Amino acid sequence: MPESYKILVVDDEESILKLLSKELASPERTIHTASCAQAAREQMRKVRFDIIVSDIRLPDGDGLELLTEFKDIEPEIEVILITGHGNIDNAVEAIRIGAYDYITKPFRLDRMELVVDRAWQRVCLQRENRSYKHSQNDTASTQLIGQAASIKHIHHLIGKVAPTGVPVLITGDSGAGKDVVAHSIHTASQRAGKPLIVKNCATLQKELARSELFGHTRGSFTGAMDNSDGLMTFAHTGTLFLDEIGELPMEVQASLLRVLESHNFRRVGEKDERTVDIRFLFATNRNLAQEVEAGRFHEALFHRINVFNINLPPLKDRREDVPLLVDFFLNKLGQQIGQGEYTVSERAMQCMLSYYWPGNVRELRNVLERSIILSDNYVITCNCLPREIADQPERDRETGILSLERMEREHIIKAIDFFNGNRLKAAQALGIGRKTLYRKIDKYNL
């Protein structure tokens, strides 16, 4: 799903504010309103908006003034102006100074919604462009942490494949670190000084996916107000990492296959082909072979991107790396917070070693970030951990199986807790004598 975004509607007509608040609102959009320029300025100081929809004529100012002010505050914001027929000259001038589009009154709601969607797409691309410029700084701190045999093997695979230009398919569970592997490959490649463009295919809107990947020309479809480059252009001479490739719409997969095979593509609405030089990396937590059988993934594309596969193990299969990851994240998070050096108590570490980590490395990082906030004197104890981890019974690290003694101990604790400390009732429920229960309480130091 695409991320949500915020829209500010500025108009002195209450009916317009109510109409757009109702009709534009959706799970992906949050609508705020203002009835004058001053109210809009106050809203801008409190909320970071993505799109402004403003009438040109306001009681205490005009949309052109707001356009300049808001662009100074947030250069990536897009402004859509509403104008009467008599103000079209002003609206055209507004386009020259940075407005995204203008809509004349009376307007059609479907036209308004389409222009808003296109403005949001431009906001997204502008923000991605900004992140592209800093991509090298981001990758510099990205490390694949671990001494497990499986991680050492992945380091070996990265060292072998990075200098080549072949596509790499990175597979593994969600949160296992597929993005870290992609960054490591790029950093160790001959394109390390070039852009690394990252796109999560799950965020692509089906009807706009082709345009976002390949770009489009002015007028190529409704709402295409100007020429726009896509991710292929931005990644030229560098690396394009398409995360969650299994989410790419089928309609676009054939076009991607053609780029992989010929290094050529066309922008939407363009006749001439463009040639690009791109290293492709892909990642997915899906079984693409099964997706091909189910008809949800292009078979030829699967074979083309699966030239070289790197499969990441889940964290539960390399729990010996948990202490190393804990040290790494505590150091990194401690520097960000800037308060001191954090440590983990022995018991808390045992709880983390016993846990199965369904969210993998991402979950571990989030748990540590939460635990730092709850810690006292820079020490993370069991009280700082989420309940499902702190209450995790100890298991054999290799098999994940509880010992009989551990199972018995946990069962006795639950029985005593259930009867609020009444040991006689607990013994009766367990089917043992009271003296036997006392002996086991002493044995397990309960």
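A salt bridge is a side-chain nitrogen of Lys or Arg within 4 Å of a carboxyl oxygen of Asp or Glu. With that in hand, welcome to a set of close-up views of a predicted model.

**View 1. Four charged residues, Asp11, Glu13, Asp55 and Lys105, are linked in a network of salt bridges.** Start with the pair Glu13 and Lys105, whose closest N and O atoms are 3.2 Å apart. This pair brings together distant parts of the chain, 92 residues apart. Glu13 sits in the loop between β1 (5–10) and α1 (14–24), while Lys105 sits in the loop between β7 (101–104) and α5 (109–133). Is Glu13 buried, exposed or partly exposed? Its relative accessibility is 35%, so Glu13 counts as partly exposed. For the wider picture, the structure holds 22 salt bridges.

**View 2. A cis peptide bond joins Lys105 and Pro106.** Lys105 is already familiar as a member of the salt-bridge network. Now look at the bond that leads from Lys105 to Pro106, where omega is about -10°. Pro106 is found in the loop between β7 and α5.

**View 3. Glu69 and Arg41 meet in a salt bridge between two helices.** The distance here, N to O, is 2.7 Å. Glu69 belongs to helix α3 (residues 63–73) and Arg41 to helix α2 (residues 37–46), so look for the pair where these helices face you as separate DSSP runs. Along the chain, the two residues are 28 residues apart. Glu69 is partly exposed, with a relative accessible area of 29%.

**View 4. Arg258 forms a salt bridge with Glu273.** The closest N and O atoms of this pair are 2.4 Å apart. Where do the two partners lie? Arg258 is in helix α11 (residues 250–262), and Glu273 is in the loop between β13 (264–265) and β14 (274–275). They are 15 residues apart, and the pair links distant parts of the chain. Arg258 is partly exposed at 38% relative accessible area, and Glu273 is partly exposed too, at 33%.

**View 5. Strand β1 pairs with β2 and with β3.** Why is β1 described as largely enclosed by the rest of the structure? Five of its six residues are buried, so β1 is largely enclosed. Strands of a sheet pair through backbone hydrogen bonds, either parallel or antiparallel. Six bridges connect β1 with strand β2 (residues 29–34) in the parallel sense, and Tyr5 stands opposite Arg29 in β2. With strand β3 (residues 51–55), β1 shares four bridges, and these two strands also run parallel. Here you can pick out Ile7, whose bridge partner in β3 is Ile51. Follow the chain from β1 through α1 to β2 and you trace a right-handed β-α-β unit.

**View 6. An open sheet of five strands shows parallel pairing.** Reading across the sheet, the order is β9-β12-β15-β8-β16. Which strands form the edges? They are β9 (196–200) and β16 (308–311), each pairing on one side only. Direction ignored, neighbouring strands of this sheet are turned by 20° against each other on average. Inside the order, strand β12 (residues 239–243) and strand β15 (residues 279–284) run parallel and are joined by four bridges. To find this pairing, look for Thr239, which stands opposite Arg279 in β15.

**View 7. Helices α7 and α8 pack against each other at an angle of about 40°.** Their axes are 9 Å apart, with α7 covering residues 149–161 and α8 covering residues 178–187. The angle makes α7 oblique to α8, and the crossing of the two helices is right-handed. Leu157 is found in helix α7. This residue is buried, with a relative accessible area of 16%. The C-alpha atoms of Leu157 and Phe308 are separated by 9.3 Å, although the two residues are 151 residues apart along the chain.

**View 8. Asn377 and Tyr378 each have a positive phi value.** Phi is near 55° for Asn377 and near 65° for Tyr378, and in each case the residue is other than glycine. Asn377 is found in the loop between α16 (360–374) and β18 (379–380), and Tyr378 lies in the loop between α16 and β18 as well. How do they compare in exposure? Asn377 is exposed, with a relative accessible area of 70%, whereas Tyr378 is partly exposed, at 38%.

Definitions and conventions. Residues are numbered from 1 along each chain as its sequence is written. This is a predicted model: local features need pLDDT of at least 70, side-chain atom pairs count only at pLDDT 80 or more; totals for chains, interfaces and linings use all residues. Side-chain values use heavy atoms; hydrogens and water are left out. Buried means under 20% relative accessible area, exposed over 50%, partly exposed in between (1.4 Å probe, protein chains only). Two strands pair if DSSP finds at least two bridges between them. A crossover is right-handed if, with the strands pointing away from the viewer, the path from the first strand over the helix to the second runs clockwise. Axes are lines fitted to C-alpha atoms, for helices over the stretch in contact, and angles run from 0 to 180 degrees between N-to-C directions. Angles under 35 degrees count as roughly parallel, over 145 as roughly antiparallel, 65 to 115 as roughly perpendicular and the rest as oblique. A crossing is left-handed if the near helix is turned anticlockwise from the far one by less than a right angle, and right-handed if clockwise.
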